[in-house]
Every structure is written in C-alpha cells, then in structure tokens.
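Colleague: I am new to this structure and would like a close look at a single part, chain B. Could you take me through how that chain is put together?

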Amino acid sequence: MQDFGAAFLTAFDLLIGADADLLEIIGLSLRVSISALLAAGLIGLSLGAALAVTRFPGRGIVLVIVNSMMGLPPVVVGLVVYMLLSNAGPFGFLGLLYTPEAMIIAQAILILPIIAALSRQLIEDLHAEYAEQFRSFCVPTGRMMMELLWDARYSLLTVMLAGLGRAMAEVGAVIIVGGNINHLTRVMTTTIALETSKGDLALALGLGIVLLSIAIAINAGVMALNATAKRQAYA
Amino acid sequence: MRPANVVDLRGGAASDASAPGAGADLFPLVLDDVSFQAGGTVLIKGIDLTLEAEGATVIMGPNGAGKSLLLRLMHGLIDPSGGTVSWGGAGMGEAVRKRQAMVFQRPVLLRRSVAANIDFVLRLRGRADPARRQAILDHAGLAAHADQPARLLSGGEQQRLAMARALATEPDVLFMDEPTSNLDPASTLVIEEIAKAARDRGTKIIFITHDMGQARRLADEVVFVHKGKVLEHSPAETFFTQPASTEAGDYMAGKIIL
C-alpha cells in the first residue's frame with residue numbers, strides 16, 4: 001500500500017511541478033496516438049462504410065478477417081512493422097525505425113481493424129434503415145457512404161474512442177518499433193514498463209494515474225458531446 | 001381552387017410543367033406478366049397492368065395481397081422474378097427512377113435538421129438553393145421547424161417533411177405507400193392536400209391506402225389486388241358503386257376476405 005500512497009504523491013508532484021520530462025512524454029504519447037487515430041480513422045471509416053454498403057463475392061471472408069484482426073497482438077504488429085522498417089526490410093530506406101513516425105504507423109495498423117469493423121457494423125445497421133429511401137432517390141454509392149458516415153457521426157465518435165484507447169494503452173508495438181529512447185520515442189506506456197523493471201514503482205504508478213486521467217477526461221468529453229448531440233439530433 | 005399558400009415548386013418552367021402530362025413520355029406504365037417470389041413463395045403472380053399518365057391511381061386490397069411489392073416493382077426498388085416493367089416503352093432503370101419519388105409508410109428521415117433533409121435531395125439533384133428550400137418548407141407548413149432535428153417532429157410533421165422532400169425532386173410520378181396510416185385526421189388532410197396539389201400540377205400519383213374515405217377523395221381509378229393478382233382495374237366511380245369482383249365488394253363492405 002505504501003507504493004500506492006507514494007504513487008499518488010509522485011503523480012501529484014510531477015503534475016503540479018509540470019515536470020518537463022513528464023510533459024514531453026505525455027505530449028509524445030498524445031501526438032503518436034492521435035496521429036495514429038487520424039490515419040486509421042481516415043482509412044478505417046472509409047473501409048467500414050464501403051464494406052457496409054457493398055455486396056461482393058467473398059465479402060463474408062473479408063468481414064471475418066477484419067473482425068478477427070481486432071484482436072491483433074500489439075507485439076506482433078510491432079514485430080511486423082519492425083521487419084518492414086528495419087534496414088534489411090523493404091522500407092528500410094525510409095530510415096523510420098526508432099522514430100515517432102514508426103510508432104504512429106504501428107499504432108495505426110493496430111487500431112485500423114477496430115475502427116473498420118465497428119464502423120462497418122454501425123453503418124450497416126443505419127443503411128438497413130435508409131437503403132430503400134436511398135435507392136428511391138438514386139443516391140450513388142460513394143455519396144451514400146458519405147451520407148451514412150455523416151448521419152452516424154456521433155456513434156462513430158465512440159468507435160474512434162475505442163481506437164484511441166487501444167492506441168494509448170498499448171506498449172508492445174511502440175516499444176519494438178520506437179525503442180523507448182529517452183527524449184525521442186519514450187511514451188507513457190514504455191516509461192511505465194521501463195520504470196517498473198528498474199524498480200521505480202512509484203514513478204511507474206504515477207504515470208499510470210496520469211494515463212488513466214487522460215483516458216477518463218477524453219471519454220467524459222466525448223460522452224458529454226454525445227449526450228448533447230443525441231438531444232439535438234436524435235442520432 | 002388551389003389554396004393561396006400553395007406555391008408552385010416546379011421552378012421557372014412552372015407554366016410548362018403544370019400542363020397536363022409533363023411526364024407523359026414515361027407513360028404508359030406497362031407491367032407485362034410480372035411475378036415476384038421470395039424464399040420459394042410466389043407473392044406476385046403474373047400481373048398484367050397498364051396505367052396512363054392521367055389522374056391518381058389507388059391500389060387497394062387486404063394485407064398481404066402484394067400491394068407494397070407491386071408499388072416497389074413499379075418504382076424499381078425490387079426487380080421482378082419474371083416479366084417486365086416498362087415506362088413509356090423504356091425499361092426500369094435509374095433514368096426512370098430519378099423522375100419518380102416515393103413516400104413510405106414510416107417516413108425515413110435523415111438524422112439531421114428539417115432543412116438539411118430538404119437540402120440533401122436538392123444537392124443530390126444538383127440544385128441546392130436556400131430560397132428553394134425555404135419555398136418547399138413554406139409549402140409543407142414546416143418553415144417554423146427548419147432548424148429542428150427532423151426525427152423530433154411529430155408523426156404528422158415527419159410525414160409532411162417526407163412528402164415535401166419527395167416533391168423537392170420534382171417527380172413526374174409520386175408513389176405513396178399508406179402515407180397516412182399512422183396519422184390523425186388533421187395530419188391526413190394536410191398530406192392529402194399536398195398530394196392533390198401535386199396531382200393538379202401534373203404529377204402522376206400512385207398510392208396504397210386502406211382508408212376507404214381517402215380512396216374516394218383522391219382516386220381517379222382503382223387497382224384492386226388480392227393474393228398477388230390484380231382482380232380489378234376500373235375508374236373510381238365504377239369501382240366504388242359496382243365492383244366487378246365479389247372480393248372487392250366484400251372488402252369495401254368491411255368483410256374479411258381470405
């Protein structure tokens with residue numbers, strides 16, 4: 001229990017003191033995960049909407065694959081991205097390994113299936129309701145996807161949130177492709193892993209509390225937005 | 001007499017468009033031996049039917065007769081399992097469907113404001129224009145609700161919006177699938193007035209109703225459907241006074257026909 005008490009004090013001290021190292025780590029964590037979210041969101045939502053409104057041979061197999069990939073182990077993603085970006089790999093010439101960009105790529109790959117699979121289900125349900133009316137109006141497929149994405153916007157925020165949560169919380173992928181280099185690729189989760197192995201449990205727990213607080217703040221914000229939106233748009 | 005608050009929604013070419021038969025080239029609508037089956041059950045059985053451009057056609061018949069399927073086959077929302085549907089000699093396709101619109105029993109409104117629901121179809125037809133949207137909302141008596149979420153309107157207002165949105169595409173043919181079955185008499189009257197105004201401007205109205213009074217008020221001709229077949233197709237006067245089939249007579253007498 002001493003550790004917990006100390007952890008809270010440490011976290012409090014770090015935050016009140018606006019510790020430069022801590023802020024740098026938090027900043028990089030947010031930058032990496034939010035960038036990954038934007039990239040995965042752009043691709044994942046388009047993919048989800050496309051899968052929701054189209055019918056083609058083999059669609060069932062694609063859905064099974066996308067759904068299964070929601071459970072991708074971060075370390076496996078990290079390993080694959082590592083192999084692709086390492087000097088011997090096909091994208092080694094880009095020199096991205098052990099940079100924040102490599103971490104963004106890894107996290108984006110990790111959460112892409114989550115966003116694609118969940119948005120596909122959501123949009124497909126909405127489409128079931130709109131399909132006849134859209135057909136009556138002769139809405140082209142691309143337009144249909146845009147309109148459905150727009151009308152599902154508030155529910156899709158929750159999907160994006162699930163992606164962000166997954167990205168922020170994972171450690172396996174970023175530690176492999178980022179390397180946990182101080183002042184360069186050190187994020188909250190890799191720091192926690194490092195401090196724990198060094199035995200500095202208080203700092204590790206303090207960072208954990210910060211991480212949790214950020215997650216709660218983001219979720220509360222989105223929930224508040226959603227509640228207002230539901231009242232307004234009956235979404 | 002057209003009510004004073006009814007504006008012509010057909011834009012600059014109002015005088016031409018209001019001439020009877022603006023969409024005359026879409027007619028006759030010919031169903032040639034049309035059948036439809038789902039899950040091994042034949043629901044529409046070899047229907048031959050010809051509809052002309054003039055007047056309002058009402059499709060009547062008991063539940064499960066195939067009325068909604070018939071309407072969807074005409075509008076091309078579903079494809080027939082056998083036979084052909086043609087409009088003025090042309091096969092059913094997007095070119096034809098774009099000149100038609102349909103109002104469903106339960107209005108399918110987008111999760112947006114009332115105004116955005118109208119803008120959606122105006123943009124779709126490449127004629128987004130706030131003034132036009134305003135005229136359409138005025139016509140439907142919804143101007144005061146323009147910024148409200150469409151799905152928070154009352155049932156009658158929702159159906160009015162669905163009507164206004166369908167008419168915003170300036171269809172030559174308007175299909176309605178029991179548009180007032182969930183509405184009170186006052187809301188029903190408003191929907192009927194909008195439908196009549198559209199008909200008077202030359203829009204062909206084809207609609208389904210179980211409401212005998214509504215059928216008498218609006219119909220110029222009646223198609224009576226029973227068990228996936230057209231039993232009768234006659235002018236409204238004849239149908240309501242001297243139905244040719246016993247089923248239609250029983251149906252109007254309020255008897256349950258099986």
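Modeller: In this predicted model, residues 24 or more positions apart account for 66% of the contacts in chain B that have a separation of 6 or more. Of the 258 residues in the chain, 45% are buried, and the C-alpha trace spans about 50 × 40 × 40 Å along its principal axes. Chain B contains ten helices and ten strands. Its radius of gyration is 18 Å, close to the 18 Å that the globule rule gives for 258 residues, so chain B is as compact as a globular protein of that length.

Six of the strands in chain B form an open sheet with mixed pairing, in the order E6-E7-E8-E3-E9-E10. Strand E6 (100–103) and strand E10 (229–235) of chain B are the edge strands, each pairing on one side only, and the twist from one strand to the next averages 15°. Within this sheet, strand E7 (residues 173–177) and strand E8 (residues 204–208) of chain B run parallel and are joined by five bridges, with B:Leu174 standing opposite B:Ile205 in E8 of chain B. Across E6 and E7 of chain B lies helix H6 (residues 155–167) of that chain, which runs at about 175° to E6.

One residue of chain B also leads to the nonpolar core: B:Ala164 is among the residues that touch the most other members of the largest such core, which has 135 residues, and the others named with it include A:Val81 and A:Val177. Helix H5 (residues 100–136) of chain A gives the most to this core, with 20 residues.

Technical notes:
Residues numbered from 1 in each chain as written. Chains lettered and ligands numbered in written order. Predicted model: local features only at pLDDT ≥ 70, side-chain atom pairs only at ≥ 80, totals over all residues. Helix = DSSP H or I, 4+ residues; strand = E, 2+ residues; numbered from the N terminus. Rg over C-alpha atoms; globule rule 2.2 N^0.38 Å. Buried ≥ 20, exposed ≤ 12 C-beta atoms within 10 Å, placed from the backbone. Contact = placed C-beta atoms within 7 Å. Core = buried A, V, L, I, M, F, W, Y, C linked by C-beta atoms within 7 Å. Pairing = 2+ DSSP bridges. Axes fitted to C-alpha atoms, helices over the stretch in contact; angles between N-to-C directions.
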